[in-house]
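Please examine the sequence and the three-dimensional structure shown below before reading on. The report that follows is meant to be read beside them.

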Amino acid sequence: GDVLADDTLVNKVTSSKEVSNDINQKKVVAKVTEANIDVARESYRPVAYRTAVLFFCIVELSNVDPMYQYSLQWFQKLFTIAVDASPKSDNFQERLDILKDFFTESLYQNICRGLFE
């Protein structure tokens, strides 16, 4: 045997090369997608920062009175509700401001309700 005369072997090598090219193209697309996701995730950082500060503030309320304890699960659920219920905007910066303000107000109302009941 001549290796080049073996059609099965040549076909397998050709097929492997095509699969390799396809994988390399998909890797390039995945890199671009990953970069886009990173940009989108970072753009929400101001909302995440405000939300984290608020959470750690309400956690400290338990130092005032042990009755004022709030779970992370409760906080996350409240945030999810606020995201869904807040007014929408086509302007991204405006949407971020709306999210921060709407959630802060929602949290304030829920905490006050718990403190005064």
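This report describes charged residues, the packing of two helices and the surroundings of selected residues.

The model discussed here is predicted.

**Salt bridges**

How many salt bridges does a search of the whole structure find? The search finds four, and three of them are listed in the following table, including the closest distance between nitrogen and oxygen.

| Residue pair | Closest N to O distance |
|---|---|
| R41 and D38 | 3.1 Å |
| E42 and R45 | 2.7 Å |
| D97 and K100 | 3.9 Å |

The pair R41 and D38 belongs to helix α1, which covers residues 7-43. These two residues are three positions apart, or about one turn of the helix. D38 has a relative accessible area of 29% and is therefore partly exposed, since that category lies between 20% and 50%.

In the pair E42 and R45, each partner is partly exposed: E42 has a relative accessibility of 35%, and R45 has a relative accessible area of 49%.

The pair D97 and K100 is found in helix α4, where the two residues are separated by about one helical turn because they are three residues apart. Are D97 and K100 buried or exposed, or in between? D97, at 33% relative accessibility, counts as partly exposed. K100, by contrast, counts as buried because its value of 18% is under 20%.

**Two charged residues of helix α4**

Helix α4 comprises residues 92-116, and K100 is found in it. Leaving out residues up to four places away in sequence, K100 touches P46, V47 and R50. K100 thus combines a buried position with a salt bridge to D97.

R95 also lies in helix α4. Which side chain of opposite charge is nearest to R95? It is that of D84, at a distance of 6.8 Å. R95 has no salt bridge, because this distance is beyond the limit of 4 Å within which a salt bridge is counted. R95 is nevertheless buried. With residues up to four places away in sequence left out, R95 touches V83, S86, P87, K88 and S89.

**The loop residue S89**

One of the residues touched by R95 is S89, which lies in the loop between α3 and α4. When neighbours within four places in sequence are set aside, S89 is in contact with E94, R95 and I98. S89 may also be compared in position with N11: the two are 78 residues apart in sequence, and their C-alpha atoms are 55 Å apart in space.

**The packing of helices α2 and α3**

Two packed helices are described by the angle between their axes and by the distance between the axes. Helix α2 consists of residues 45-59 and helix α3 of residues 72-85. What are the angle and the axis distance for α2 and α3? The angle is about 140°, and the axes are 11 Å apart. The two helices are therefore oblique to each other, because an angle has to be over 145 degrees to count as roughly antiparallel. The crossing in which α2 passes α3 is right-handed. On the side of α2, the contact is made by V47, T51, L54, F55 and I58. On the side of α3, it is made by L72, W74, F75 and F79.

V47 also links this part of the description to the earlier one: V47 of α2 takes part in the contact with α3, and V47 is touched by K100.

Methods
Residues are numbered from 1 along each chain as its sequence is written. This is a predicted model: local features need pLDDT of at least 70, side-chain atom pairs count only at pLDDT 80 or more; totals for chains, interfaces and linings use all residues. Side-chain values use heavy atoms; hydrogens and water are left out. Helices (H or I, at least four residues) and strands (E, at least two) are DSSP runs, numbered from the N terminus. Buried means under 20% relative accessible area, exposed over 50%, partly exposed in between (1.4 Å probe, protein chains only). Contact means heavy atoms within 4.5 Å. Lys and Arg count as positive and Asp and Glu as negative; His and the chain ends are not counted. Axes are lines fitted to C-alpha atoms, for helices over the stretch in contact, and angles run from 0 to 180 degrees between N-to-C directions. Angles under 35 degrees count as roughly parallel, over 145 as roughly antiparallel, 65 to 115 as roughly perpendicular and the rest as oblique. A crossing is left-handed if the near helix is turned anticlockwise from the far one by less than a right angle, and right-handed if clockwise.
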